[in-house]
Amino acid sequence: MAAPQRVPPVDRPRPVFSRLYARISEGMDAEGLAALRTELLAPLSGTVVEVGCGNGRNFARYPDAVTRVTAVEPEPHLRALATRAAAAAPVLVTVVPGTAEALPVPDATADAAVLCLVLCSLPDRDTALAEIARVLRPGGTLAFLEHGLGPTRRVRAVQRLADATLWPLLAGGCHTAVDPVGLVERAGFAVTALRRLRFPDSRVTLPATPHVLGLARRPG
Ligand SMILES: C[S@@+](CC[C@H](N)C(=O)[O-])C[C@H]1O[C@@H](n2cnc3c(N)ncnc32)[C@H](O)[C@@H]1O
C-alpha cells in the first residue's frame with residue numbers, strides 16, 4: 001500500500017496581525033495605496049488568481065475586462081473579511097483557502113496573477129513564483145506591487161537590521177530586504193513594465209518604503 005501523502009496545513013492563523021492589518025490597510029489605502037492598487041490592476045483581463053488577498057482591498061478595483069478572480073488567502077480572519085468584500089465586488093470573486101506555495105488552481109488556467117504586498121511575507125518565495133508560473137497560461141501576466149530592497153547601502157543595512165529584529169514579529173512575518181524584481185526574473189518571467197516608487201511618500205524612509213509596481217510575462 002502506498003504511504004499516505006502529507007498535505008501541508010492550509011490555514012496560517014495570525015490573530016493579532018490580521019486584526020491590525022484589517023485596520024491599517026484602510027489608512028494605507030487613504031494615504032495613496034488605493035490609487036496604486038487601481039494602477040496595478042488596470043491592465044488585467046480575463047481570469048485572475050490573486051495570491052494572499054488579505055481582507056480583499058483589491059476586489060473593488062478590478063477593471064470590467066476581468067471576468068473572474070480566484071483569491072487565495074491562508075489567514076482565516078482575513079479570509080472571512082475578504083469573503084465579505086467579494087460579495088460587494090463588481091467582478092466575480094471566489095475566496096478560497098490556500099497558500100502561495102501550493103495554489104489550489106489547475107495548471108495553465110489563469111490569464112493573470114496578482115501579487116500585492118505578499119512576497120515579503122512568504123516563507124518560500126521561489127516555490128510561490130514557480131506555482132504562479134504553473135497556474136498562468138503561456139504568455140499570461142503577473143502584476144506585482146511589492147516593497148523591497150532600498151536604493152542605497154544605508155537603507156539596505158537598516159532593512160537587514162529590521163529583518164533580524166522586531167520587524168517580522170510586528171508585521172506578520174514580513175521581511176524588507178527582499179528583491180521582488182530579481183525573484184520574478186529568476187522564476188523565468190520577463191518584466192515588461194516597472195515603476196519604482198516610495199510608499200508612503202513621506203520624507204522619512206522606513207524599511208518598507210521602497211516599492212516596485214510592475215508587470216511580467218510568463219514565457220511561452
Ligand atoms: C501585507 S498582507 C497583504 C494583503 C493583500 N494582498 C493586500 O494587498 O492588502 C500579506 C498577506 O499575505 C498573506 N500570506 C502570508 N503567507 C502566505 C502564504 N504562504 N501564501 C499566501 N498568502 C500568504 C497574509 O495572510 C496576508 O493576507
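Trainee: In which sense do strand β5 (residues 136-147) and strand β7 (residues 210-217) pair?
Mentor: Good place to start, and keep in mind that this is a predicted model. Strands of a sheet pair through backbone hydrogen bonds, either parallel or antiparallel. Between β5 and β7 there are 7 bridges, and the sense of the pairing is antiparallel.

Trainee: Which residue in β7 stands opposite Leu 142?
Mentor: Follow the antiparallel pair β5 and β7 that we just met. Across from Leu 142, on the β7 side, you will find Ala 216.

Trainee: In what order do the 7 strands of the open sheet stand?
Mentor: β5 and β7 belong to an open sheet with mixed pairing. β3 (93-96) and β6 (190-198) each have a single partner strand, so they stand at the edges. From one strand to the next, the twist averages 15°. Reading across, the order is β3-β2-β1-β4-β5-β7-β6.

Trainee: What angle does the direction of helix α1 (residues 15-41) make with that of β5?
Mentor: Helix α1 packs on the sheet, where it touches β4 (110-116), β5 and β7. Its direction, set against that of β5, gives about 165°.

Trainee: And what about helix α3 (residues 125-135): what angle does its direction make with that of β5?
Mentor: Helix α3 also packs on the sheet, touching β1 (46-51), β4 and β5. Several of its residues are buried, among them Leu 129, Ile 132 and Val 135, and the elements covering the buried residues include β1, β4, β5 and α6 (180-186). With β5, the direction of α3 makes about 140°.

Trainee: At roughly what angle do the axes of α1 and helix α2 (residues 76-87) cross?
Mentor: Look first at who meets whom: Pro 15, Ser 18, Arg 19, Tyr 21 and Ala 22 in α1 meet His 77, Leu 78 and Leu 81 in α2. By class, that contact has 5 nonpolar, 2 polar and 1 charged residues. The two axes come within 8 Å and cross at roughly 35°.

Trainee: Which residues make up the covered face of β3?
Mentor: In a regular strand the side chains alternate between the two faces of the sheet. The uncovered face of β3 has Thr 94 and Val 96. In the parallel pair of β2 (residues 66-72) and β3, which is joined by 4 bridges, Val 69 stands opposite Val 93 and Ala 71 opposite Val 95. The covered face of β3 is Val 93 and Val 95.

Trainee: How many of the 7 residues of β2 are buried?
Mentor: Besides β3, strand β2 pairs with β1, running parallel to it over 6 bridges; there, Thr 47 has Arg 68 as its bridge partner. β2 is mostly covered, and its count of buried residues is 5.

Trainee: Is Leu 117 buried or exposed?
Mentor: Leu 117 is found in the loop between β4 and α3, and its phi is near 60°, a positive value in a residue other than glycine. Most residues other than glycine have a negative phi. The cut-off for burial is 20 or more other C-beta atoms within 10 Å. Because Leu 117 has 24 such neighbours, it counts as buried.

Trainee: How many other C-beta atoms lie within 10 Å of Ala 108?
Mentor: Ala 108 sits in the loop between β3 and β4, and its phi is also positive, near 50°. It is partly exposed, because the number of other C-beta atoms within 10 Å is 14.

Trainee: Which residues does a cis peptide bond join?
Mentor: Most peptide bonds are trans. The cis one has an omega of about -5°, and its proline is found in the loop between β6 and β7. The pair it joins is Phe 199 and Pro 200.

Trainee: Which residues come nearest to the ligand?
Mentor: There are 21 residues around the ligand. By class, this shell has 10 nonpolar, 6 polar and 5 charged residues. Those that come nearest are Gly 52, Gly 54, Glu 75, Ala 100 and Cys 116.

Technical notes:
Residues numbered from 1 in each chain as written. Predicted model: local features only at pLDDT ≥ 70, side-chain atom pairs only at ≥ 80, totals over all residues. Near = placed C-beta within 6 Å. Nonpolar A, V, L, I, M, F, W, Y, C, P; charged D, E, K, R; others polar. Pairing = 2+ DSSP bridges. Helix = DSSP H or I, 4+ residues; strand = E, 2+ residues; numbered from the N terminus. Axes fitted to C-alpha atoms, helices over the stretch in contact; angles between N-to-C directions. Contact = placed C-beta atoms within 7 Å. Buried ≥ 20, exposed ≤ 12 C-beta atoms within 10 Å, placed from the backbone.
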